[in-house]
Each structure stands twice: as structure tokens, then as C-alpha cells.
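User: Hey, can you walk me through this structure? I'm new to this, so plain words please.

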Amino acid sequence: MESKITEKLKNLYTNSQSKFKIITAIGLIGILLIFLSDAFSSKEKKEEQVTQSYNYNEYISNLENQLEGVISSIDGVGECKIMITLENTAESVYATDVETKNDSDSANLKDEYVIYNSSDGETPVLIKEYFPKVQGVTVVCTGGDNISVKEKIIEAVTSLFNIPTNRVSVSKIKA
């Protein structure tokens with residue numbers, strides 16, 4: 001009888017060890033899968049961040065093409081070429097948390113970005129994003145020597161980009 005009890009205890013002990021080994025193996029596999037998923041997702045996140053960065057040459061090219069379409073549709077303009085210069089780069093405005101402490105002797109100002117946790121990790125809270133402003137425009141066209149055409153082009157460009165007339169140049173294209 002005693003040997004049956006010891007035999008059952010040994011079986012129970014070895015079964016609990018095998019259960020422990022199985023549970024430990026499953027846990028280690030789970031941890032390994034988590035690390036692998038983070039490794040693959042971080043590569044995808046980096047690729048997304050690269051594609052989201054601004055391509056200023058493409059931005060200017062799109063503006064020039066759109067403006068060329070508008071300007072060339074004005075009566076008397078004919079063939080035209082356009083060049084646009086930008087004032088600055090894009091500007092992003094992030095939320096900040098400002099804390100001031102006034103003591104009898106001094107004042108302290110603490111300014112920190114507001115950060116939130118997202119699937120991409122910690123990210124500052126974006127309030128506004130400004131595209132680059134147009135600084136100047138040059139239009140070269142076949143009708144550039146006609147004063148009325150020149151005035152129409154300058155009026156169109158200044159109203160589209162909200163720039164002063166002295167930042168718009170219109171000339172006749174070389175024949």
C-alpha cells in the first residue's frame with residue numbers, strides 16, 4: 001500500500017514538473033513572438049515615417065503645374081513657364097504644458113511638450129501644421145509683353161498666393 005502511494009506521488013511530481021515545463025515553454029514562445037512582432041512593426045513604422053516627410057521639390061512642382069494651368073488659360077498668355085520660390089519650410093505647432101512657480105524671490109517657468117502614448121510609441125500632440133509660404137513667382141510667357149495680360153497674370157498670382165505685386169515677375173518668353 002505504501003509503495004502505491006509513493007508511486008502515485010512520484011507520478012504526480014513528474015506530471016507537475018512536465019506541466020511546469022510545458023507552461024514555461026509556452027510562456028517563452030509567447031515572449032519570443034512579442035519581440036518578433038515588435039521588430040517587424042518597427043521597420044514598417046520607420047517606412048511610414050519616411051513616406052510622410054515632405055518632399056519640397058514635389059510640392060513646388062505641383063504648385064507650379066497648377067499655376068501654369070490657371071495662367072495659360074488666361075486670354076493672350078499663350079505658352080508659359082513658371083517658377084515658384086518658398087519663404088520657409090513647413091512648420092508644426094505642438095501642444096505644450098506651461099507651469100509657472102512664483103516664489104517671493106524668483107519666478108520659474110517650466111515648458112514641456114504634451115506627449116501621448118500611441119501604437120507608434122510616445123508622440124507629441126500636434127495642434128497645427130503650416131505648409132511653406134510662397135515667397136515669389138516668376139511667369140515667362142509669350143504674351144508677357146502685353147500690359148493687360150501682364151496685369152491679369154499679376155492679379156491672378158497675388159490673389160492665389162496672397163503675396164504683394166512686387167514679388168511677382170512677368171516677362172516675355174524668348175522667341
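**A chat about helix H3**

Analyst: Sure! One place to start: H3 is followed by Asn162, whose phi is positive, near 55°. Keep in mind that this is a predicted model.

User: Okay, and how many residues does H3 have?

Analyst: H3 has 15 residues, running from 147 to 161. From its first C-alpha to its last, H3 reaches 21 Å, close to the 21 Å expected.

User: Which residues of H3 are buried?

Analyst: Val149, Ile153, Ala156, Val157, Thr158 and Phe161.

User: Why would spacings of three or four places matter in a helix?

Analyst: An α-helix has 3.6 residues a turn, so residues three or four places apart point the same way.

User: What do the buried residues of H3 pack against?

Analyst: They pack against helix H2 and strands S1, S8 and S9. Take Val157: among the residues it touches are Leu67, Ile71, Val137, Val139 and Val168.

User: And the largest nonpolar core, how many residues has it?

Analyst: That core has 22 residues. Ile153, Val157 and Phe161 are among those with the most contacts inside it. The elements giving two or more residues to this core are H2, S1, S8, H3 and S9, and H3 supplies the largest share, 5 residues.

User: Switching topic: how many helices and strands are in the chain?

Analyst: There are 3 helices and 9 strands. Read along the sequence, the pattern is α-α-β-β-β-β-β-β-β-β-α-β.

User: What share of the chain is buried?

Analyst: Buried residues make up 18% of the 175 residues.

Definitions and conventions
Residues are numbered from 1 along each chain as its sequence is written. This is a predicted model: local features need pLDDT of at least 70, side-chain atom pairs count only at pLDDT 80 or more; totals for chains, interfaces and linings use all residues. Side-chain values use heavy atoms; hydrogens and water are left out. Helices (H or I, at least four residues) and strands (E, at least two) are DSSP runs, numbered from the N terminus. The expected span of a helix is 1.5 Å times one less than its number of residues. Buried means under 20% relative accessible area, exposed over 50%, partly exposed in between (1.4 Å probe, protein chains only). Contact means heavy atoms within 4.5 Å. A nonpolar core is a set of buried Ala, Val, Leu, Ile, Met, Phe, Trp, Tyr and Cys residues joined through side-chain atoms within 4.5 Å.
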